[in-house]
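Biologist: I would like a close look at a single part of this model, and after that an account of how the surroundings fit together. Please take your time over the details.

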Number of protein chains: 2
Amino acid sequence: MSVSDNSRSPKHEFAPLKNDRLLRAMRFEPIDTTPVWMMRQAGRYLPEYKATRAEAGDFMSLCRDTARATEVTMQPLRRMDLDAAILFSDILTIPDAMGLGLYFETGEGPKFKHPIRQQADLDRLPTLDVNDSLDYVMHAVTSIRKELNGQVPLFGFSGSPWTLATYMIEGGSSKDYRYTKGFLYSNPEFLHQLLDKLAIAVIDYLDAQVVAGAQVLQIFDSWGGALGHRQFIDFSHAYNKRIVAELKQRHPDVPVVLFTKGGGLWLDVQADSAADALGLDWTMPLDRARQVLTESQRDLTKRHKTLQGSKAIQGNLDPATLYGSPESIRSEVKLMLDGAYAGGDKTGYIANLGHGITQWVNPDNAKVFVDAVHDYQI
Amino acid sequence: MSVSDNSRSPKHEFAPLKNDRLLRAMRFEPIDTTPVWMMRQAGRYLPEYKATRAEAGDFMSLCRDTARATEVTMQPLRRMDLDAAILFSDILTIPDAMGLGLYFETGEGPKFKHPIRQQADLDRLPTLDVNDSLDYVMHAVTSIRKELNGQVPLFGFSGSPWTLATYMIEGGSSKDYRYTKGFLYSNPEFLHQLLDKLAIAVIDYLDAQVVAGAQVLQIFDSWGGALGHRQFIDFSHAYNKRIVAELKQRHPDVPVVLFTKGGGLWLDVQADSAADALGLDWTMPLDRARQVLTESQRDLTKRHKTLQGSKAIQGNLDPATLYGSPESIRSEVKLMLDGAYAGGDKTGYIANLGHGITQWVNPDNAKVFVDAVHDYQI
């Protein structure tokens, strides 16, 4: 794997961070209350988001519009006491920059005009200069970081190689990953070539986001859960592990969250990485997750013969919980936090949903969630 | 829960069973080789299925046509050395019989004309006389059983109450279960009313299938994996457990398989039921599944203060494995069976895919799978 220069620091001067609750929790330092944010917190459940998006035109135009991408990132922070912001962008910017022709069809999700189906398609993929073809992302990161003015830390993010590969090969989202799994089982080398190219791009992309101002990173392995156990290790986790290791080498102080939707059964697998935190969907109770991670830490320490640090946990309220009454949201939050802290440590946990907030949620209920997390006495 | 008369035996005389490998494995009795069948084995990957379906017209017409439903059930058995047949039908026959107006839109899956969205919809649902409104299913069961002539045992099946409820409330398949989870979190009592009605219908339906000739039963909880941990227990498993308990009381000798897609994390939950076997998708390695079940058996024995029997396991090859070469299929099958028998028992396992076989599979590869299972030396 060849990657560009390393150990680069942010190239801008930014205001000092006022709320470092989330970063402290990830380092297992004492916290006053539980940090909380929401995946897709800048999204269609907010009328102000819909208004800004309508001004921008389509979704990718909004991502490319520095001022408006900054605006929508800030919108949820004005309504709610969130402990992090996240760059407004899409996980498919990398394949788009590689020339696959991203477009969105109403009600159908993202599509690619030129899916990867044969060796020639693969050979045609360029090595990205992320500061050139994805410069709009870096501009957004810097602009948002300035606008935040130290209020909360800013997440940068990327899709995982496996997740990006499924979109690139299928040509969009998929129910059964017919073509991607076709390669996996009939021509794994082809898939590995693509995943390798993507891993290099993701490293450069996240590195550049840090240089532009991102203070914490998340890798979204949205479709990791579609794989079998061994296939998850070989075709998804192996690449995520490589990416995190390289990023931690370049930016030791920038924490990384690894989120695999449907990855509860593989917490032990994901623990074998330099990630600071693991994100979970709602299928796994957090007391069990903590127990699995404690055991993994012990096993990995033995195996690697060096002390392995604890992994923070992020998650995992079912976004549909926010369809319920304020009382039921508070009661679900309490159960979740009881589980998160059941292991005894009163830190090492970031509250979040187990997947993105849906467009049908009443924003008042999102605020109930955020406040309920903060009101919980650790 | 009120249910109709119990302890009824099959009302027909059938030929004695020649191949009882699958039933023996479920009882943990010695077997000569591993029993194997495939979910959706009568399906679109077979050209002869497509021909028969074209003659019948649409999918539901095929289900209602006793002779053709029998024909398509038998088709895979002619090509492959399968150890079970499964009734050709759909999981949505119950809601259809309840008057929801099932129809299929090309490429979009099943839909209902009259989804359940308010109390009046719920109150309107009739208590089914399954031998009347679902008589075509019972006719198919009896006809298939006769046609099998003792070759292999015949599975009857039903969708689980939770899975049926999602289709009935959403009006079709769904990505985020907006309405169903809306009820779950905002008006759980409404959902429980529906689930209770469905549980009664499923008991009567499966009971009637046994009386008509089914020798083993499977409950498909296809969407159980969409739930949170506690919600799975309360809104899915509680009903499945009640159904299995009632069926085992009426038909103690008819084994029941409980299959929850995405249910690997809840094997211990599902073990707390009278099911004889638990079905697994491909996300969980079978050696770990066996280990979890052994621990659950111990815990449950302690908790209930009576010895709990072992649960057989069914599954769990990723259907996409069949896109690969014969060599790679054989190697995946070997790894799967090594895992299945890693606990030491050389029985208690039924080989299957982790979900239905897809329409894109070459039938020759399905045969490679079946033969590879039988060729494996236990």
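Which residues in α4(A) meet which residues in α8(A)?

Modeller: Please keep in mind throughout that this is a predicted model. On the side of α4(A), the residues are Thr66(A), Ala69(A), Thr70(A), Thr73(A) and Met74(A), and they meet His139(A), Ala140(A), Ser143(A), Ile144(A) and Glu147(A) in α8(A). Sorted by class, the residues of this contact comprise four nonpolar, five polar and one charged. As for the geometry, α4(A) spans residues 66-79 and α8(A) spans residues 135-148, and the two helices pack at an angle of about 50° with their axes 9 Å apart. Because of that angle, α4(A) counts as oblique to α8(A), and the crossing of the two helices is right-handed.

The helix α8(A) also packs against α11(A), which covers residues 188-212, and here the angle is about 35° and the axes are 8 Å apart. The crossing of α8(A) and α11(A) is right-handed as well. From α8(A), this contact draws on Val137(A), Met138(A), Val141(A) and Thr142(A), while α11(A) supplies Ala208(A), Gln209(A) and Ala212(A). By class, the contact of α8(A) with α11(A) has five nonpolar and two polar residues, with no charged ones.

From the helices we can turn to the sheet of chain A, an open sheet of seven strands in the order β1-β4-β5-β6-β7-β8-β9, with parallel pairing. At its edges are β1 (85-86) and β9 (349-353) of chain A, each of which pairs on one side only. Further in, β4(A), made of residues 154-159, and β5(A), made of residues 216-221, pair in the parallel sense over five bridges, and within that pairing Gly156(A) has Leu217(A) of β5(A) as its bridge partner. Another strand of chain A, β8 (residues 312-317), contains Asn316(A), and this residue deserves attention when you inspect the backbone, since a cis peptide bond, with omega of about -5°, joins Gly315(A) and Asn316(A). A further backbone detail of chain A concerns Arg40(A), which has a positive phi of about 60° although it is not a glycine; Arg40(A) is placed in the loop between α1 (21-26) and α2 (47-56).

Chain B can be described along similar lines, beginning with its sheet. In chain B, seven strands form an open sheet in the order β1-β4-β5-β6-β7-β8-β9, again with parallel pairing, and the edge strands are β1 (85-86) and β9 (349-353) of chain B, each pairing on one side only. The edge strand β1(B) runs parallel to β4(B), residues 154-159, and two bridges join them; in this pairing Ile86(B) stands opposite Phe155(B) of β4(B). A cis peptide bond is found in chain B too, between Gly315(B) and Asn316(B), with omega of about -5°, and Asn316(B) belongs to strand β8 (residues 312-317) of that chain.

Among the helices of chain B, α9(B), residues 161-170, and α10(B), residues 178-186, pack at an angle of about 110°, with their axes 7 Å apart, and they are therefore roughly perpendicular to each other. Their contact brings Ala165(B), Thr166(B), Ile169(B) and Glu170(B) of α9(B) to Tyr179(B), Thr180(B) and Phe183(B) of α10(B). The classes represented in the contact of α9(B) with α10(B) are four nonpolar, two polar and one charged.

The helix α10(B) leads on to the interface between the chains, where 25 residues of chain B are in contact with 25 residues of chain A. To the side of chain B that touches chain A, α10(B) gives the most, with five residues, and the residues of that side divide into nine nonpolar, 12 polar and four charged.

It remains to say how the two copies are placed. Chain B is superposed on chain A by a rotation of 180° with 0.0 Å of shift along the axis, at an RMSD of 0.0 Å, and that is the relation of a two-fold axis. The C-alpha of chain B nearest the axis belongs to Leu265(B), at 3.2 Å from it. The same surface serves both copies, since 100% of the contact residues of chain B recur in chain A.

Conventions
Residues are numbered from 1 along each chain as its sequence is written. Chains are lettered from A and ligands numbered from 1 in the order in which they are written. This is a predicted model: local features need pLDDT of at least 70, side-chain atom pairs count only at pLDDT 80 or more; totals for chains, interfaces and linings use all residues. Copies are superposed by least squares on the C-alpha atoms of residues with pLDDT of at least 70 in both. Two residues are in contact if their C-beta atoms, placed from the backbone, lie within 7 Å. Two strands pair if DSSP finds at least two bridges between them. Helices (H or I, at least four residues) and strands (E, at least two) are DSSP runs, numbered from the N terminus. Axes are lines fitted to C-alpha atoms, for helices over the stretch in contact, and angles run from 0 to 180 degrees between N-to-C directions. Angles under 35 degrees count as roughly parallel, over 145 as roughly antiparallel, 65 to 115 as roughly perpendicular and the rest as oblique. A crossing is left-handed if the near helix is turned anticlockwise from the far one by less than a right angle, and right-handed if clockwise. Ala, Val, Leu, Ile, Met, Phe, Trp, Tyr, Cys and Pro count as nonpolar, Asp, Glu, Lys and Arg as charged, and the others, Gly among them, as polar.
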